[in-house]
Amino acid sequence: MSWSRLRTCRWYLNRAVTLGGFLFPTKLRIQGQLDLAFRRRCGTAAGGGEVRVRFAPSPTGFLHLGGLRTALYNYIFAKKYGGSFILRLEDTDQSRLVPGAAEAIEDMLEWAGIPPDESPGRGGPLGPYLQSKRLELYKQTASEMLERGHAYHCFCTPQRLELLKKEALRTGQTPRYDNRCRHLRAQQVQEKLVRGAPHVIRFRLQEGVEPFQDLIFGWNRHEVAQVEGDPVVMKADGFPTYHLANIVDDHYMGISHVLRGSEWLISTSKHLLMYRALDWQPPAFGHLPLLTNKDGSKLSKRQGDIFIQRFQKDGVLPEALLDITTNCGSGFSTNRVGRTIDELISEFNPAKITTHSALLDLEKLPEFNRIHLQHRIEDERQCNLLIKDLQRQIREAYRGEIQDEDVLHEDYIRRVLDLRKGHLCYLQELVTPSYLYLWARPTFSSQQVAALSTESRHVATLALKLAEEMGEGAAVDQLSKDLKTLAKQTKETKYRDVMKLLRLTLSGLHQGPSVAEMMVALGPAETVHRFRKLLLLDETS
């Protein structure tokens with residue numbers, strides 16, 4: 001069965017299931033053939049060579065969630081098929097460049113755990129990977145287009161182009177260039193060039209665009225010459241436009257598959273015309289469905305909370321961010337929460353990518369982060385990194401409040417993390433007031449104690465005895481049972497108030513982890529010290 005027929009079968013079979021058809025056994029058989037053909041097509045470069053994909057953002061801003069998702073799918077695709085993932089920065093729009101954005105984009109990919117194999121920072125055999133350093137290559141290609149008759153010099157002034165735009169809008173039409181300079185005679189062009197007239201180079205669009213097969217959207221064809229004017233490929237400042245630079249770079253960098261956002265789908269026919277004009281073999285194209293807000297609205301850079309550096313600052317783990325951006329979309333054999341990058345690569349199946357937008361619900365991010373934080377705590381190497389990070393945060397937050405440096409000891413922090421795993425969504429929660437008792441001794445008053453029990457001295461004596469008998473390896477479950485037994489030995493104080501009194505003594509708080517967990521976290525020596533304070537408070541009041 002041919003590739004095109006398999007792709008068509010896929011559409012009809014999915015439609016049949018959607019409409020409640022009865023093709024289930026047949027669908028399983030043909031879907032298996034389709035997935036195999038799809039994997040073969042995705043895993044084979046256009047020229048039969050290595051799979052090479054690229055992420056090519058513009059450093060006119062910092063990396064945001066939409067960009068990270070595009071980079072992630074490219075990275076996963078490359079690793080799934082044993083290929084290379086390239087970072088290329090498209091910095092030809094010099095007027096809009098943001099200082100530091102280029103370096104920050106690469107840094108954020110490294111932080112996210114999807115580092116490029118070739119990039120401006122890492123280098124590589126087919127660099128440079130900054131478009132501003134490849135200008136001569138674009139000029140040569142534009143000259144080749146001119147020589148072949150596929151491009152021409154345009155001398156229209158910005159004022160004339162603005163008038164064309166205003167007139168089109170006035171008459172209710174879509175603004176487009178009228179291709180006026182396409183019809184200049186060679187002598188006229190030469191005279192203007194000799195005079196040094198400002199000009200751009202435009203690509204000559206042709207009708208009769210051939211359809212192309214997108215890996216995700218299937219067969220597509222856009223007659224761009226009927227709806228657009230000839231596009232500029234070289235600007236007056238000598239820099240290329242996106243349309244020229246991206247096909248030149250993809251060609252010379254040996255890009256086999258272009259995976260980019262679906263907003264570029266309509267431009268692909270234009271790019272294929274350029275490939276044909278240069279007699280170049282185009283890569284395979286796959287246009288990823290949009291990542292949107294949960295209500296279907298477009299993610300916008302104006303939303304300050306979608307930039308990756310913001311998530312990093314807020315304590316979001318990179319694997320949680322990768323997990324949630326894939327969980328809300330398609331292209332994987334499962335849709336479970338808690339997947340690592342290796343699991344995402346293993347479960348990736350491009351045949352399962354749908355054309356539907358991925359609805360991102362960031363309200364679920366804390367839960368994703370909680371699960372991945374638990375995974376890190378349970379991994380010895382990752383836990384050691386968490387301990388070092390938490391030691392730094394504690395020193396910065398409570399430098400003048402720590403009475404005992406033992407709270408910074410690795411074993412102590414590891415015990416705290418182990419007890420709190422599954423409860424914490426973010427590591428920095430441990431340096432909020434709710435957990436200050438772990439790093440500094442609390443204060444409380446005799447009035448607070450009296451409000452909870454009239455027999456606080458008796459409770460303190462019982463609790464002190466229990467703390468003195470607990471060993472370093474005390475278990476929370478056993479201590480919970482012992483505390484219930486302790487509460488039964490009071491005359492007037494209910495179990496609930498006994499626990500409130502002990503929690504106040506240990507933490508200065510009215511709410512928080514169980515008293516048993518607090519005792520295990522603090523350890524026998526510190527627990528004894530705090531219960532003695534309750535006993536002494538009662539004696540002096």
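**Note on the predicted model: a buried aspartate, two cores, a sheet and a helix**

1. Asp 250 has a relative accessibility of 2% and therefore counts as buried, since the cut-off for that word is under 20% relative accessible area. The structure discussed here is a predicted model, and each point below should be read with that in mind.

2. Where does Asp 250 lie? Its place is in helix 9, which covers residues 242-252. When neighbours within four places in sequence are set aside, the contacts of Asp 250 are Arg 54, Arg 88, Ile 255, Val 258 and Tyr 275.

3. The next topic is the nonpolar interior. In soluble globular proteins, nonpolar side chains tend to be buried together. In this model, the largest nonpolar core holds 108 residues. Which of its members touch the most others? They are Leu 417, Leu 430 and Trp 439. Helix 3, residues 65-80, is the element that gives the most to this core, with 9 residues.

4. Leu 417 may be examined individually. Beyond its neighbours within four places in sequence, Leu 417 is in contact with Ile 377, Cys 383, Leu 386, Ile 387, Leu 390, Leu 427 and Leu 430. Leu 430, in this list of contacts, is also named with Leu 417 among the core members that touch the most others. Another core, of 34 residues, lies apart from the largest one; Ile 86, Phe 212, Ile 247 and Trp 280 are among its members.

5. An open sheet is formed by 3 strands in the order 3-4-7, with antiparallel pairing. Strand 3 (151-154) and strand 7 (232-234) stand at the edges; each has a single partner strand, so one side of each is left without a neighbour in the sheet. On average, neighbouring strands of this sheet are turned by 45° against each other, direction ignored.

6. The pairing of strand 3 with strand 4 can be followed residue by residue. Strand 4 comprises residues 200-203, and 4 bridges join it to strand 3 in an antiparallel arrangement. Within this pairing, Cys 154 stands opposite Val 200 of strand 4.

7. Helix 20 spans residues 495-507, 13 in number. From its first C-alpha to its last it reaches 18 Å, close to the 18 Å expected at 1.5 Å a residue. Is helix 20 largely enclosed or largely open? It is largely enclosed by the rest of the structure, because 10 of its 13 residues are buried. Among these buried residues are the charged-type names Asp 497 and Arg 503, as well as Leu 501, Leu 502 and Leu 504. Just after helix 20, Gly 508 takes a positive phi of about 75°.

Conventions:
Residues are numbered from 1 along each chain as its sequence is written. This is a predicted model: local features need pLDDT of at least 70, side-chain atom pairs count only at pLDDT 80 or more; totals for chains, interfaces and linings use all residues. Side-chain values use heavy atoms; hydrogens and water are left out. A nonpolar core is a set of buried Ala, Val, Leu, Ile, Met, Phe, Trp, Tyr and Cys residues joined through side-chain atoms within 4.5 Å. Buried means under 20% relative accessible area, exposed over 50%, partly exposed in between (1.4 Å probe, protein chains only). Helices (H or I, at least four residues) and strands (E, at least two) are DSSP runs, numbered from the N terminus. Contact means heavy atoms within 4.5 Å. Two strands pair if DSSP finds at least two bridges between them. Axes are lines fitted to C-alpha atoms, for helices over the stretch in contact, and angles run from 0 to 180 degrees between N-to-C directions. The expected span of a helix is 1.5 Å times one less than its number of residues.
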